[in-house]
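Reader: I am new to reading protein models, and I would like to go through one slowly with you. Could you show it to me before I begin asking?

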Amino acid sequence: MSTEMSSAPPSGTASRAYVRAAAAQVLPPPVATSGLIGWLRTNLFSSPGNTLLTLLALLIAFWIIPGFVRFLITDAVWSGADREACVAKGGVLPGACWAFVKDRLAYFIYGAYPVESRWRADLFFLLGALGIGWLLWLNAPRRDLGLVYFLVVLPLAVYGLLSGRNPLAFLAYPYDLVTGRSVILGLVFAALLFLAGFLVARSEGVRAGRAALFGLAALVILTAAGLAFERLWGAIGLAPVDTARWGGLMVTLVVAGVGIVASLPLGILLALGRRSKLPVIKFFSVLFIEFVRGVPLITVLFMANTMLPLFLPDDITVDKLLRALVGIALFASAYMAEVVRAGLQALPKGQYEGAMAVGLGYWQMMRLIILPQALKVTIPNIVNTYIGLFKDTSLLLIVGIFDFLKAIETARIDPQWAAPTVSATGYAFAAIVYFIFCYGMASYARATERRLSKADKR
Amino acid sequence: MSSIDARPSGATGSDSRPHVAFWNNPKARGVLFQMLLFLAVGFLAYAAASNAIENLQKQKIASGFGFWNNIAGFDIGQRLIPYETTSTYGRAFWVGLLNTLLVAGIGIVLATLLGFVIGIARLSRNWLVAKLATVYVELIRNTPLLLQLLFWYNAVLKALPEVRESLALPGGAFLNTRGLFVPEPVFGAGFSLVLGALGAGFVAHLGIRRWARRRQERTGQRAPVLAIGFGLIVLLPLLVYLLAGQPLSFAYPDLGRFNIRGGVQVYPEFVALLLGLVIYTAAFIAEVVRAGIQAVSKGQTEAAYALGLRPGPTLDLVVIPQAMRVIIPPLTSQYLNLTKNSSLAVAVGYPDLVQVFAGTVLNQTGQAVEVIAITMAVYLTISLATSLIMNWYNARKALVER
C-alpha cells in the first residue's frame with residue numbers, strides 16, 4: 001500500500017515516470033469568442049473554407065450593393081417636371097428617375113378616379129387601416145366588434161364610398177313586391193331577410209314557431225330601415241363613379257381586400273365539405289378544389305372574362321371588375337380550403353369526440369370547439385395564402401383591369417416621361433410598394449407563429 | 001338541442017328508439033342537403049349551358065371542335081416543330097404546348113439547382129452567406145412574379161444594345177436586343193453512336209448500382225459505384241466520341257451589320273420568362289430545402305456520429321434520406337407552380353400554350369368555351385399526373401410506423 005499520495009513528489013524518484021517533474025507548458029488562452037473579433041472569427045473565418053466563402057460573398061455583395069445604392073439613391077434624379085430631368089447628360093445616364101414617380105404618384109394611387117372625388121379613396125384607405133389596426137392590435141377593446149366591422153361594415157362602406165351607389169339597396173328590395181317593380185328580386189331578398197331573423201333567433205335557442213315571428217319582424221324592420229337609408233343616401237348625394245374609372249393602388253387594395261374577406265369563409269366551407277361524410281358534398285368540394293388548384297390563375301381569369309358573359313342570360317351584364325373579383329376570390333378560396341383542411345387534420349380526434357360527447361351539433365361543434373383551435377394554428381399559413389393573393393392581384397392587368405401594376409405600365413411608356421431609366425424606376429417603385437405590403441404580412445405571420453409557439457412551450 | 005323535445009315513443013312499439021321528426025334526423029337531413037346541393041349545381045350547370053347555347057347562336061359563333069383543322073393564318077416566332085401560317089389551329093396548339101413544356105422543363109432544372117444552393121446557404125454557419133441568401137429570398141418572395149417578368153423583359157432585355165453593337169460573350173455567343181445568339185451544334189454522321197454509348201452506359205450504371213446495393217445488404221461490402229458510374233456515363237461516351245472521329249462541330253453566329261447569321265437564336269421573351277421563373281421559384285425552393293433540412297432533428301446526426309459514421313456517410317445515409325422525405329412533396333408542388341406560372345408568358349409575349357391558344361386562337365375563332373376547356377384540361381392533366389406520381393412516391397417513402 002502506498003501511503004504517500006503524491007502530495008509532494010520526493011526528489012530523485014526517476015523510476016516513477018508518471019510523476020511530472022516540470023510544470024506543464026502554459027497554453028495560450030482559448031480563442032476569443034466574444035467581442036467583435038471573436039464574432040468575426042466564429043461567424044466568418046472559422047476555417048479556410050469558411051474564409052473563402054466569406055470572400056466570395058463579399059465579392060458578390062460589393063458587386064451588387066453599390067450599383068443598387070448608386071441607382072436608387074446617389075445618382076437618382078429627385079426633382080423635375082418632365083423627361084428632360086432624366087435624360088443622359090454628357091453621355092452619362094442618371095440613376096432612378098424619382099421625379100417621374102413624384103409626378104405620377106396620384107395616378108399610381110387613384111388611376112383615373114375623378115380628382116374631385118379622391119377624398120373618398122383616401123377615406124377608404126383610412127377606414128381600411130382602422131379595421132386592420134383594430135384586428136391586429138391584440139389588446140384593442142372589443143375585437144369581436146372589430147371583426148364585424150372588418151367583415152360586414154367595411155366592405156359595405158367601401159362599396160358605397162367608392163362607387164357612390166347605395167350599399168344597402170338590397171335591404172329595400174322586398175318593398176318592390178309591394179310596388180310590383182321586380183317580383184323575383186323582391187321575393188329572393190324577402191326570403192333572405194326572413195331567414196336571417198329566423199336563424200339568429202334559432203341560434204339563441206328560440207322555438208321554431210316564435211323564431212318565424214322574429215324572421216317576420218326582421219323582414220319588416222330591415223326593409224323599413226333600407227327605405228329610410230335610401231332617403232338618407234340620396235340626401236348625402238355622392239356622385240356615382242363607374243368601376244371602369246377606378247384604378248391604381250386603390251383597385252389593387254379593393255381586390256385584395258375582397259379576396260381576403262371572401263376567401264376565408266369560402267375556404268372554411270370547402271374544407272369542411274371536403275372532410276364531410278356526405279358523399280355528394282364531399283365530391284363537389286374535392287372537384288372544385290382540385291380543379292381550381294390544377295389550373296393557372298390566368299386561365300381562371302380568362303374564363304371569368306370570356307365565358308361568364310356567355311353563361312349568363314342576355315339581359316344581365318356583370319361588371320368587368322366584379323368578374324375578375326369573383327375569379328380571384330374563388331381561386332384563393334380553393335387554396336385556403338387546403339390550408340384550413342391541414343389545420344383541421346392537425347387537431348386530435350379527441351376534440352371532435354369530446355364535442356360530440358357534450359352533445360353539440362355539427363355546426364356548434366365546428367363554431368365553438370374545432371374551428372377556433374384549427375384556425376389558430378393555421379394563422380401563419382392563412383397569412384401566407386393572403387400574401388399569394390396580394391401578389392396575384394397583379395395578374396389583373398392581363399385581363400385589362402387598371403390595377404397598380406397597370407398604372408405603372410401605362411405611365412412608364414408615356415412620351416412625356418420617355419427617358420432611359422424611367423421603366424426601371426417604375427418597376428423599382430412597384431417592387432417597393434408590393435414588398436412593403438407582403439413583407440408586412442409575412443412579419444405578422446412570423447410574429448404570430450412565435451406568439452403561439454410560446455404558448456405551447458409552457 | 002331541440003331533440004330534447006322529442007319524447008320516447010313509450011311502450012306501444014317494439015322500436016324503443018325515440019321518435020324524432022325527420023328534419024332532426026341526421027341521416028334524413030344529410031340526404032336532404034345533398035339532394036339540395038345536387039339540384040342547385042345541376043340547375044346552375046343547366047342554366048349556364050342553355051344560356052351559352054342561346055348566346056352563341058345569337059352571336060353566330062360556331063361550336064364544337066371543328067376549328068381544330070382550320071388554317072390558323074398567324075405566325076409563331078419560337079417553334080420546336082415545323083409550323084407555318086398555313087398550318088392548322090391544332091398545329092398551333094402543339095407548338096404552344098411544346099413551348100410551355102420547354103420553358104417549364106429547363107426552368108425546373110435551373111430553379112432546383114439555384115434553390116438548393118440558396119437553401120443550404122441560408123443555413124450556413126457563415127453569417128454573411130446566410131444573410132445574403134435571406135435577403136434574396138425575402139426580396140424575391142415578397143414581390144409579384146409578373147412584376148419581375150416585366151422588369152426582366154422591359155427594363156433589362158429591352159435595354160440591351162442593338163444588333164450592330166452586340167455584346168460578345170465568351171464562347172462565340174452574342175447578346176443583343178433581339179435575343180441571345182449561341183453557336184449551333186452540328187451533329188456528324190457518327191454522333192448517334194455517342195448517344196447510344198451514353199444510353200448504354202446509363203443503363204449499365206443503374207444495373208450495377210442495383211447489384212451493388214443487393215451485395216451490400218447481403219455481405220456488407222461496398223462497391224465503388226460512383227467511380228464505375230463516372231466511367232460508364234462520362235468516359236465511355238467520350239471514348240466513343242473520339243473513336244468515331246469527333247462527329248460534333250459548332251456553327252458560330254456571324255455578326256453582320258444589321259443581322260446575325262447562323263447559330264441558334266434564343267428569343268428575349270424566352271430568356272425573360274426563364275430568368276423570371278427560375279429566380280422566383282428558386283426562392284420558394286430554397287425555403288422548402290431549408291425546412292426539410294431543419295426537420296431532421298439534431299439527434300439523428302449525433303446518433304450517427306456515435307455509431308462511428310463519418311460526416312460524409314452521415315449526410316449521405318442519415319440526413320439526406322430523411323430530409324428528402326420532407327422536401328419532395330412541397331418541391332413537387334413548386335414544380336407545378338412553375339409550370340402553371342409559365343402561363344404568365346402572355347405578359348412578355350412568349351408563345352406558350354396560353355399566349356398562342358387561349359390568346360390568339362381564342363380571339364380568332366371566338367370559341368371561348370372550347371379553347372379555355374382545352375387549355376385548362378392540359379394543365380389539369382399535368383397537375384393530376386404529377387399528384388398521382390407523388391402519391392405513389394409518398395406511399396413508398398412514408399415512415400413505416402407500428
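Author: What follows is a set of questions and answers about this predicted model.

Reader: Let me begin where the two chains meet: how many residues does each chain bring to the contact?

Author: The contact is built from both chains, A and B, and the count is given for each of them. Chain A contributes 45 residues, and chain B contributes 45 residues.

Reader: Which helix of chain A gives the most residues to the side that touches chain B?

Author: Helices α2 (48-74), α10 (279-294), α11 (297-311) and α16 (422-457) of chain A each supply at least two residues of that side. Among the residues of this side of chain A, 33 are nonpolar, 10 are polar and two are charged. The helix that gives the most, with 10 residues, is α16(A).

Reader: How far apart are the C-alpha centres of domain 1 and domain 2 in chain A?

Author: In chain A, domain 1 is made of two stretches, 99-113 and 241-457, whereas domain 2 covers 165-237. The distance between the C-alpha centres of these two domains of chain A is 30 Å.

Reader: And what is that distance between the two domains of chain B?

Author: Chain B is also divided, with domain 1 taking in 89-183 and 267-397, and domain 2 taking in 185-251. For chain B, the C-alpha centres of domain 1 and domain 2 lie apart by 29 Å.

Reader: Are helices α12(A) and α14(A) roughly parallel or roughly antiparallel?

Author: Two packed helices are described by the angle between their axes and the distance between the axes. Helix α12 (residues 320-346) and helix α14 (residues 362-392) of chain A have axes 8 Å apart, and they pack at an angle of about 150°. Because angles over 145 degrees count as roughly antiparallel, the direction of α12(A) relative to α14(A) is roughly antiparallel.

Reader: How many residues in the contact of α12(A) with α14(A) are nonpolar?

Author: From α12(A) come residues including A:I328, A:Y335 and A:M336, and they meet residues of α14(A), among them A:I370, A:L375 and A:N381. The crossing of these two helices, α12(A) and α14(A), is right-handed. The residues of their contact include five polar and one charged, while the number of nonpolar residues is 15.

Reader: Turning to chain B, which are the edge strands of the open sheet of four strands?

Author: Strands of a sheet pair through backbone hydrogen bonds, either parallel or antiparallel. In chain B the strands stand in the order β1-β2-β3-β8, with antiparallel pairing, and neighbouring strands are turned by 20° against each other on average, direction ignored. An edge strand pairs on one side only, and the strands of chain B that do so are β1 (167-169) and β8 (264-266).

Reader: Which residue in the turn between β1(B) and β2(B) has a positive phi?

Author: Strand β1(B) is joined by three bridges to β2 (residues 173-176) of chain B, and B:L169 has B:A173 as its bridge partner. These two strands, β1(B) and β2(B), form a hairpin with three residues between them, and the residue in the turn whose phi is positive, about 90°, is B:G171.

Reader: Which residue of β3(B) stands opposite B:N176?

Author: Strands β2(B) and β3 (residues 179-182) of chain B pair in the antiparallel sense over three bridges, and their hairpin has two residues between the strands. Opposite B:N176, in β3(B), stands B:G179.

Terms used. Residues are numbered from 1 along each chain as its sequence is written. Chains are lettered from A and ligands numbered from 1 in the order in which they are written. This is a predicted model: local features need pLDDT of at least 70, side-chain atom pairs count only at pLDDT 80 or more; totals for chains, interfaces and linings use all residues. Two residues are in contact if their C-beta atoms, placed from the backbone, lie within 7 Å. Ala, Val, Leu, Ile, Met, Phe, Trp, Tyr, Cys and Pro count as nonpolar, Asp, Glu, Lys and Arg as charged, and the others, Gly among them, as polar. Domain bounds come from an automatic or database domain assignment. Axes are lines fitted to C-alpha atoms, for helices over the stretch in contact, and angles run from 0 to 180 degrees between N-to-C directions. Angles under 35 degrees count as roughly parallel, over 145 as roughly antiparallel, 65 to 115 as roughly perpendicular and the rest as oblique. A crossing is left-handed if the near helix is turned anticlockwise from the far one by less than a right angle, and right-handed if clockwise. Two strands pair if DSSP finds at least two bridges between them.
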